[in-house]
Amino acid sequence: MLIKYLPCNLDIDKFLSDAPPNFKYSRDCFVYIMGLITEIPANTKDMLDKSTFVSINASILKSHVHDYRVYLDYLLQHNILETDNHYVVEEKSKGYRFTPAYQTPVQPIEITKFTLVKGLTKEGKWERSMCNKYRELKSWFNQLQFDHGGAELWLKKKYISDVKAGVYGATAKYNANLMNVYRLKDKDYYFRVDVKGLRAHTNLTSLKSELRGWLSWKGKQLVSCDLKCAQPLLLSALLQEAFYEKTSTKDTFTLHKLNPKLYKTIDIDKVKRLICNGQQDINNYMRAVNDDIYLYMQNELTKKGYSVPTRDNAKDIMYSVLYSSNRFFAQPEALPKRLFYELFPSVYNILCCFKRSEPNALAILMQRAESSLMLDRITKRISKEKPDVALFTIHDAILTPDGTQDYCVKVMVEETIRIIGVSPKVEQELLSPLKPDEPKKDSSPDIA
């Protein structure tokens, strides 16, 4: 059975009967295409913050519905969908969303067309190899429990509140979150590892953080163990000369291991000179990371008159500072980036070397570093030493049943030290359901 999610006020069978398409069509192909409007944001957190138009890759569409264009034209002509009509070669696909008449909560619709179901559920060689590589992580989902009733109630209350407050894209966001709740309710689990960053994507990585409190395992509450300031912490590996050696000990991170292609293109001699001449900057950066670099940047930006209301805002700003293009530096809105350069000039210049030829190279490298640490070192060791300890990863965090968290934290600390030579801080939080009108605390359960 394959389920997609469409607006509850859209009866697709009646619509097609009342206005038959003038081409040979499959009702299920319509369901699949429209289902992407909710499914893509459900798989990609925060996608709807900037725009409620959902970019749909034409090549992926064509692989499942060869004549997808006539389907889209029909949906546009009959005012079911609308488009931003904005396409940028190799950068952005055209975006689509439901017209206002159909911007309602979604309901599940089943797809039964055999060839379509087969194509959508078929696992390729990469997917099979990754599922086999991390089979111990995938297996724990079978005993995962989810109080979907409590989660749905909280989500509905929040939706009503958001609509009253005029929150941008409230219905689209609600539908994306509701779809993830339905998936867990129906035990429709998935486990995928992306090719670029090698990150594991599951029902829990896409689940809104406020909804994780309704999860449990064999009746036990889950505890979240988060690496504090994980991305800035892992970046410290790039500030050590040993990271650029082709041969090294088995345990440590090296550029050659994480990304052999990038190793061949980066100016390693220049980076090593920057490291050698910038030890004071690097030491200052490491102290800031150890203390909490997000709070540090929040404080420094506030001194400059730049509004940073919360630590989470500072975290978002820090990601932009680290991973935005080098060319963004001169833009008026790049004050945080220029301030980071003032505070840590050598660190900034080292990071620039990674983004000189490929702007997203640094972000992908750090995703690989994160997955190597969490998936290949920490969870592998825990599974080997204590195979009865249930583990669920959310990128740079582990969820584990209450009572096993201290051991997991011990391994997280030891493996981080082994790989980058720096001791991390790990924050623990016992996950519990929120009250219907209770927002998530604006501090740190979601630290990355």
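Across the whole of this predicted model, a search finds 24 aromatic pairs, and a few of them make convenient first selections.

Select Y5 and Y182 to begin: their ring centres lie 5.6 Å apart and their planes meet at 15 degrees, so the pair is stacked, since planes under 30 degrees apart count as such. Because Y5 belongs to strand 1 (residues 2-7) and Y182 to helix 9 (residues 170-185), this pair ties together parts that are 177 residues apart in sequence. Both Y5 and Y182 are buried.

Next, select Y134 and F191, whose ring centres are 6.4 Å apart with planes at 45 degrees, so that this pair is tilted. Here too distant parts of the chain are linked, with Y134 in the loop between helix 6 (125-133) and helix 7 (135-139) and F191 in strand 7 (residues 191-193), 57 residues apart. Y134 and F191 are each buried.

For a group of rings, select F15, F23, Y25, F30, Y71 and Y74, which form one aromatic cluster. Then turn to K386 and Y407, where the charged end of K386 sits over the ring of Y407, at 5.1 Å from the ring centre.

Finally, display helix 16 (residues 293-303) together with helix 18 (residues 335-343), which pack at an angle of about 105 degrees with their axes 11 Å apart; helix 16 is therefore roughly perpendicular to helix 18. To view the contact itself, show the side chains of Y296, M297, E300 and L301 in helix 16, which meet L335, P336, L339, F340 and L343 in helix 18. Sorted by class, this contact of helix 16 with helix 18 has 8 nonpolar residues, 1 charged residue and no polar ones.

Methods
Residues are numbered from 1 along each chain as its sequence is written. This is a predicted model: local features need pLDDT of at least 70, side-chain atom pairs count only at pLDDT 80 or more; totals for chains, interfaces and linings use all residues. Side-chain values use heavy atoms; hydrogens and water are left out. Axes are lines fitted to C-alpha atoms, for helices over the stretch in contact, and angles run from 0 to 180 degrees between N-to-C directions. Helices (H or I, at least four residues) and strands (E, at least two) are DSSP runs, numbered from the N terminus. Angles under 35 degrees count as roughly parallel, over 145 as roughly antiparallel, 65 to 115 as roughly perpendicular and the rest as oblique. Contact means heavy atoms within 4.5 Å. Ala, Val, Leu, Ile, Met, Phe, Trp, Tyr, Cys and Pro count as nonpolar, Asp, Glu, Lys and Arg as charged, and the others, Gly among them, as polar. Rings of Phe, Tyr and Trp (its six-membered ring) pair if their centres lie within 6.5 Å; planes under 30 degrees apart count as stacked, over 60 as edge-to-face and the rest as tilted. Buried means under 20% relative accessible area, exposed over 50%, partly exposed in between (1.4 Å probe, protein chains only). A charge sits over a ring if NZ of Lys or CZ of Arg is within 6 Å of the ring centre and within 35 degrees of the ring normal.
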